[in-house]
Each structure stands twice: as structure tokens, then as C-alpha cells.
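Visitor: Please give me a close look at a single part, the packing of one helix against another. I should also like that part placed in its surroundings.

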Amino acid sequence: MPFTFVDIEKRKSRVIGLFFALIVLFYFLTAYLALFLTESIYGGGLVLPPLKNTLFILAVAFFAALAHWLISINNLMERLLRALGAEPPEEKDAYHQLFKNIVEEVSIAIGGRPLKAVVIPSAAMNAFALEDFNRQAVIGVTEGLLARLSRPQIEAVTAHEAGHIVGGDCLSASVASALAEVYEVILEKLASLIRGAGARGLFLLALLYVLLRLVSFISLVLRFFISRQREYRADAVGVRLTRNPISLAEALQLISDGWRGEGGLGAKIETIFIVNPALNRFDETNGFFADVFSTHPPVQKRIAVLAAMAHLDEKTLEENIKNFKRVAPIAEAEISVKQKNIPRLWLALIDSQWQGPLPAADLGKLTAFRPDTWVRLQNEEAVKPAYEYEELIRLFKKSQAGQEKKTPLCPHCRAP
């Protein structure tokens with residue numbers, strides 16, 4: 001790794017110290033301006049507060065910032081996981097257990113550092129890592145990522161997130177996200193107070209709101225800068241752990257091409273994800289404004305770096321992505337054996353249990369059977385979603401006839 005343990009700890013301490021100084025600055029400016037306006041109004045002109053009062057304000061700001069800091073880091077992990085809606089892996093879910101096993105393997109690869117696996121029940125494709133001051137470390141993914149990526153790609157994504165933890169930047173990102181959450185709560189309450197305030201208190205509340213917006217903006221820019229730089233390092237660590245830059249490149253491309261979770265994943269804490277859930281035009285550009293206002297480096301640039309590691313040209317990688325066919329990560333490599341003149345019998349994976357074998361007509365009668373249910377033919381090992389079989393698509397269209405105008409259509413089978 002490019003950093004020693006001492007370097008990592010020094011850098012982590014500097015970043016956390018910078019966040020704390022930012023909070024002190026906010027409280028100091030707020031109190032100082034309030035005192036300045038008060039003395040100017042009652043003193044009959046613009047009067048700067050005396051040095052004694054200024055030092056007193058600085059001391060008060062320090063202790064107010066300390067209280068703010070302690071509130072932010074209290075139950076830091078639990079609050080962020082709750083904000084994300086993340087849950088522990090389910091014991092009966094084969095995909096969840098697969099991911100849990102991968103996290104345990106990565107934990108061993110980084111020297112036995114305990115890692116906890118969590119899953120966000122969302123169809124989006126994304127992943128994240130968190131750490132707190134108690135050295136708790138969490139790696140999480142969405143349900144959509146588990147369902148759409150292959151095992152090597154999930155391993156590469158997990159290794160990338162582990163790279164944030166061993167690289168020492170995960171704690172600062174987690175703290176920054178927690179502080180951002182506190183800022184948003186205060187801003188919402190201030191906005192509510194401004195709407196109900198009288199003429200006298202309105203000016204001071206509005207000034208406080210503008211100041212908090214300014215400090216929140218500075219904090220946001222700082223978080224963006226930290227996130228943009230740390231992604232390259234985590235990519236490099238992930239490759240070191242898996243020796244598979246191609247799978248990480250493929251995973252990044254597939255994640256960026258799909259729905260990453262905009263509007264549904266961690267609003268205001270998007271910097272913790274492997275790819276920004278929200279679409280930000282600065283994320284895919286370079287230059288001063290991109291460096292300041294983007295949460296992540298350009299995905300295509302990250303992919304180009306990974307392709308170069310594998311000595312693979314971008315055109316070949318693009319063809320690999322184009323021809324990529326998703327297979328259930330829990331499925332084995334298959335050799336199809338078709339039998340003629342024998343009725344086709346199906347098995348469906350419902351509630352982590354295989355149901356069947358059943359004829360297609362009986363399969364359609366199962367209450368939990370949907371277009372995205374994993375199915376396979378009897379005597380075959382290939383596992384695919386039901387919408388990939390025309391014979392099964394007809395079941396959904398037939399059972400939902402007449403509802404097309406009322407219900408959104410599935411993008412795969414065009415059935416409700």
C-alpha cells in the first residue's frame with residue numbers, strides 16, 4: 001500500500017481535526033455577528049465587540065462545537081445504517097449468505113479485521129463502507145447489486161469497500177456524513193422557525209440560516225474532495241486483494257449504467273457509495289469545478305485505469321460488458337441438456353426455497369411467482385429470471401390482461 005499505518009493515522013487525524021475546526025468556526029461567526037449587530041443597533045453605529053467579549057465568544061463556540069461533535073458521533077454507525085435502511089443478511093436468503101461469505105473472505109485477506117455485512121433492500125445497484133470510533137466496520141450492498149452482478153464482480157466491489165477501511169479514509173467519510181445529517185436537521189428546524197418568527201427575530205434567524213448554509217456548503221465541498229481522491233486508492237486496494245481488475249471495471253460500468261439509487265439511497269451522504277447515487281454532471285468531468293463540486297471521480301476514468309492494470313484495451317472491455325449475461329451468483333456453470341417430446345417442468349426459487357418441478361401453467365398459479373423470480377428447467381442447471389422465457393412471460397400477460405392501462409409495465413416482459 002502507498003501509505004504506512006502512521007501516515008494513515010496522521011492523515012485521518014488531520015481530516016477529523018479540520019471538520020471540528022469548521023464547527024468551531026460556525027459557532028464563533030454566528031455568536032460574533034449576533035453580538036456585533038446587537039452592539040451596533042443599541043450603540044448607535046457600527047461597533048466591533050471588544051477583545052474580551054471576542055475571546056469569551058470563542059470559548060463558548062468551542063464548547064458548543066464540542067457538544068455538536070459529541071452528538072454527531074454518538075451512535076454514529078447505528079444512525080447512518082438507520083438512515084440508509086440497511087439490515088443484517090437474512091439467514092435463509094442465498095444471496096445474502098453469499099455476500100456475507102465474501103465479506104468474511106475479504107476480512108481474512110486484510111489481516112483479520114472484523115467486518116460486518118449489511119444489505120439495503122433496494123433494487124438500486126450500489127455499495128458502501130462505514131466505520132466509527134469504536135473500530136466497527138461495515139460493508140453494505142443493495143439487493144439490486146446482489147441480483148445483477150456475478151460473484152467475481154461482487155467480490156471486487158466488496159474488496160474496493162474494504163480498501164476504504166484499510167486505507168483510513170472510511171472513518172472521516174462516516175464522520176462527515178454524520179455531521180451533514182446534523183446540519184440538515186438544524187437547517188430544517190431553522191426554516192420552520194423563520195416561517196413562524198416575528199419581525200424582530202426574523203433577521204437574526206435568517207442570518208443564522210445563511211451562516212449555517214455557508215458552513216454546510218464548505219463542509220460539502222470538503223466531503224466531495226475527500227471522496228473524489230479516496231476512490232482511486234480504494235480501487236487500487238481492491239485490485240490488490242482480488243488480483244482481478246477486470247471484474248471491478250465491469251462492476252463499475254454495470255453500476256453506472258443502471259439505477260444507482262437516486263432519490264432512494266442516503267440523501268446527503270452520497271459520498272460513502274462506490275458510485276454517486278445521484279446524477280451529478282461534474283462527476284464525469286475534469287477540471288477545477290469538477291474537483292470542487294463532484295463526489296466521485298469519472299467512472300470512465302476509473303475504468304480506464306483498471307483496464308490498463310489488466311493490459312486490456314477499452315474496446316475489448318466494452319465488448320465484454322456488452323456481451324455480459326447476468327447469471328445468478330449462486331448458480332454453477334451449466335451445460336444444458338434438452339430432451340425432446342417431454343413436457344417441460346420448471347422449478348422456481350420462492351422464499352429461498354425451490355418450488356416444483358411444475359408445468360408452466362401450475363407455476364403461474366403460485367402467489368409469489370413474478371417476472372423476476374429465479375427459475376430453472378428440470379434436469380438443467382441454468383438459473384435465469386422468469387422474464388427471459390417467452391413461455392413464462394405469456395403467463396403474466398394472460399393473468400394481467402386488461403390491466404395494462406392501470407399498472408406500469410415491466411421493462412423486460414411488458415406485463416404489469
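Guide: An axis here is a line fitted to C-alpha atoms, taken for a helix over the stretch in contact, and an angle runs from 0 to 180 degrees between N-to-C directions. Two packed helices are described by the angle between their axes and the distance between the axes. The model is a predicted one, and the part chosen is the pair formed by helix H9 (residues 245–257) and helix H12 (residues 314–322). Their axes lie 10 Å apart, at an angle of about 65 degrees, and the crossing of H9 past H12 is right-handed.

On the side of H9, the contact is made by Ile246, Ala249, Glu250, Gln253 and Leu254. H12 contributes Leu317, Asn320 and Ile321. Sorted by class, these residues comprise 5 nonpolar, 2 polar and 1 charged.

H9 also leads into the interior of the model. Leu252, which falls within the residues 245–257 of H9, is among the residues with the most contacts inside the largest nonpolar core. That core has 44 residues, and Phe99, Leu115, Leu145, Leu149, Ile154 and Val157 share this distinction with Leu252. A second core, separate from it, has 16 residues, including Leu80, Leu84, Val118 and Phe273. In soluble globular proteins, nonpolar side chains tend to be buried together.

Leu252 also has a charged neighbour. Asp235, located in helix H8 (residues 199–242), touches Leu252 along with Leu248, His160, Arg302 and Leu306, when residues up to four places away in sequence are set aside. Asp235 counts as buried because its relative accessibility is 4%, whereas the cut-off is under 20%.

From the core, Leu115 leads on to the sheet. Leaving out residues up to four places away in sequence, Leu115 touches Val103, Val106, Ser107, Ile110, Ala137, Ile139 and Ile165. Ile139 belongs to strand E3 (residues 137–142), which runs antiparallel to E2 and is joined to it by 5 bridges. The bridge partner of Ile139 in E2 is Ala129. These strands belong to an open sheet of 3 strands, with the order E1-E3-E2 and mixed pairing. Strand E1 (116–120) and strand E2 (127–131) form its edges, each pairing on one side only. On average, neighbouring strands are turned by 25 degrees against each other, direction ignored.

Two helices pack on this sheet. Helix H3 (residues 76–84) touches E1, E2 and E3, and its direction makes about 160 degrees with that of E2. Helix H4 (residues 94–109) touches E1 and E3, at about 145 degrees to the direction of E1. Within H3, Leu76, Met77, Arg79, Leu80, Leu81 and Leu84 are buried, and Leu80 and Leu84 are also among the members of the second core. Just after H3, Gly85 takes a positive phi of about 75 degrees.

The setting may be completed with the chain as a whole. The protein chain contains 14 helices and 7 strands, and 46% of its 416 residues count as buried. Of the contacts with a separation of 6 or more, 63% join residues 24 or more positions apart.

Technical notes:
Residues numbered from 1 in each chain as written. Predicted model: local features only at pLDDT ≥ 70, side-chain atom pairs only at ≥ 80, totals over all residues. Heavy atoms only, no water. Core = buried A, V, L, I, M, F, W, Y, C linked by side-chain atoms within 4.5 Å. Buried < 20%, exposed > 50% of the residue type's maximum accessible area, 1.4 Å probe, protein only. Contact = heavy atoms within 4.5 Å. Pairing = 2+ DSSP bridges. Helix = DSSP H or I, 4+ residues; strand = E, 2+ residues; numbered from the N terminus. Left-handed = near helix turned anticlockwise from the far one by under 90°. Nonpolar A, V, L, I, M, F, W, Y, C, P; charged D, E, K, R; others polar.
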